[in-house]
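Visitor: I'd like to look around a protein model and ask how you know what you say about it. Could you show it to me?

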Amino acid sequence: RTGQRFGVAHVIDVLLGKPTDKITRFGHDQQPVYGIGKDIEKQLWRALLRQLVALSYLSVDVEHYNALRLTELCRPLLRGDASLELRKPERSVKTTASSSTSITFAPGDEPLFDALRARRLELAQEQGVPPYVIFHDKTLKLLAEVRPRSSTEMLAISGIGQHKLDRYGEEFLLVIDEVGS
């Protein structure tokens, strides 16, 4: 409904019915999908879209401002000829003793998360920087959860931009391929 010209943030704003200037300018507030997803929180929409990219129902057009594009694989879903079940991500739980966050995992995600953290630590030590400079734990958790298989899929992960993808993408895709398969 948005013409496959916009990225994740704009699509989510349309689904949530946010009255932004951009939405009004492009007439997306007049679309039947405007506000249709108000009952789902923003983070859940992000997780849903990440999973759809990882499963190749959507692609991210890196050359056109990371616009979301439908793939041929999604056509049966849109026609109602197929259904899809996605995993609802578990929320992080804040600890009361400190400001750190305890991360919860779906079954099978923790070994990959640990391997990603180990690789991040190696890279950080080689470069003489703190590990969070490479990727935050939250980004590593998303990598373990979504298990992207390509650079394009990695770009859909929160915390990974083009610069970090160029610098670290291949390293982490290798870990995902080795441990996450």
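Visitor: How many helices and strands does the protein chain have?

Guide: This is a predicted model, and its secondary structure comes to 9 helices and 4 strands. Going along the sequence, you meet them in the pattern α-α-α-β-β-α-β-β-α-α-α-α-α.

Visitor: What share of the 181 residues in the protein chain is buried?

Guide: Buried residues make up 37% of the 181. The chain's accessible surface comes to about 10,800 Å², and 51% of that belongs to carbon and sulfur atoms. As for contacts with a separation of 6 or more, residues 24 or more positions apart account for 50% of them.

Visitor: What makes helix 1 mostly covered?

Guide: Count its residues: helix 1 spans residues 8-16, and 7 of those 9 are buried. The buried ones are His10, Val11, Ile12, Asp13, Val14, Leu15 and Leu16. Their cover includes helix 2 (21-25), helix 3 (42-54) and strand 2 (67-70). Right after helix 1 comes Gly17, with a positive phi near 75°.

Visitor: Now Asp61. Why is Asp61 called buried?

Guide: Buried means under 20% relative accessible area. Asp61 has 17%, so Asp61 counts as buried. You'll find Asp61 in strand 1 (residues 58-61).

Visitor: Which residues is Asp61 in contact with, leaving aside its neighbours within four places in sequence?

Guide: Those are Asn66, Ala67 and Arg69.

Visitor: How do you know that the side chains of Asp61 and Arg69 make a polar contact?

Guide: The cut-off for a pair of N or O atoms is 3.5 Å, and within protein one must be able to donate a hydrogen and the other to accept it. The side chains of Asp61 and Arg69 are joined at 2.7 Å, and that is listed as a polar contact.

Visitor: And Arg69, is that residue buried, exposed or partly exposed?

Guide: Between the buried limit of 20% and the exposed limit of 50%, a residue is called partly exposed. Arg69 has a relative accessible area of 25%, so Arg69 is partly exposed. Arg69 is in strand 2. Not counting residues up to four places away in sequence, Arg69 touches Gln4, Tyr57, Leu58, Ser59, Asp61 and His64. Also, Arg69 and Phe6 are 63 residues apart in sequence, yet their C-alpha atoms are 8.7 Å apart in space.

Visitor: You mentioned Gln4. What is notable about phi of Gln4?

Guide: Phi of Gln4 is near 55°, a positive value in a residue other than glycine. Gln4 sits in the segment before helix 1. With 29% relative accessible area, Gln4 falls between the two limits, so Gln4 is partly exposed.

Visitor: What about phi of Ser56?

Guide: Ser56 isn't a glycine either, and its phi is positive, about 70°. Ser56 is in the loop between helix 3 and strand 1. At 34% relative accessibility, Ser56 counts as partly exposed.

Visitor: Why does Glu153 count as buried?

Guide: Set its 11% relative accessibility against the limit of 20%: the value is under the limit, so Glu153 counts as buried. Glu153 belongs to helix 8 (residues 151-155). Leaving aside neighbours within four places in sequence, Glu153 is in contact with Val53, Ala54, Ser56, Arg147 and Pro148.

Visitor: And why is Lys88 called exposed?

Guide: Exposed means over 50%. Lys88 has a relative accessible area of 63%, so Lys88 is exposed. Look for Lys88 in the loop between helix 4 (75-79) and strand 3 (93-94). From Lys88 to Gln51 is 37 residues in sequence, and 9.9 Å in space, C-alpha to C-alpha.

Visitor: One last stop. How do you describe two packed helices?

Guide: You give the angle between their axes and the distance between the axes. For helix 5 (residues 110-127) and helix 9 (residues 162-179), the axes come within 10 Å and cross at roughly 145°. That crossing is right-handed.

Visitor: Which residues of helix 5 and helix 9 meet?

Guide: From helix 5, they include Leu112, Leu116 and Leu123, and from helix 9, Phe172, Val175 and Ile176 are among them. By class, this contact has 10 nonpolar, 1 polar and 4 charged residues.

Note on methods. Residues are numbered from 1 along each chain as its sequence is written. This is a predicted model: local features need pLDDT of at least 70, side-chain atom pairs count only at pLDDT 80 or more; totals for chains, interfaces and linings use all residues. Side-chain values use heavy atoms; hydrogens and water are left out. Axes are lines fitted to C-alpha atoms, for helices over the stretch in contact, and angles run from 0 to 180 degrees between N-to-C directions. Helices (H or I, at least four residues) and strands (E, at least two) are DSSP runs, numbered from the N terminus. A crossing is left-handed if the near helix is turned anticlockwise from the far one by less than a right angle, and right-handed if clockwise. Contact means heavy atoms within 4.5 Å. Ala, Val, Leu, Ile, Met, Phe, Trp, Tyr, Cys and Pro count as nonpolar, Asp, Glu, Lys and Arg as charged, and the others, Gly among them, as polar. Buried means under 20% relative accessible area, exposed over 50%, partly exposed in between (1.4 Å probe, protein chains only). Accessible areas come from the Shrake-Rupley method with a 1.4 Å probe; for residues, only the protein chains shown count as cover.
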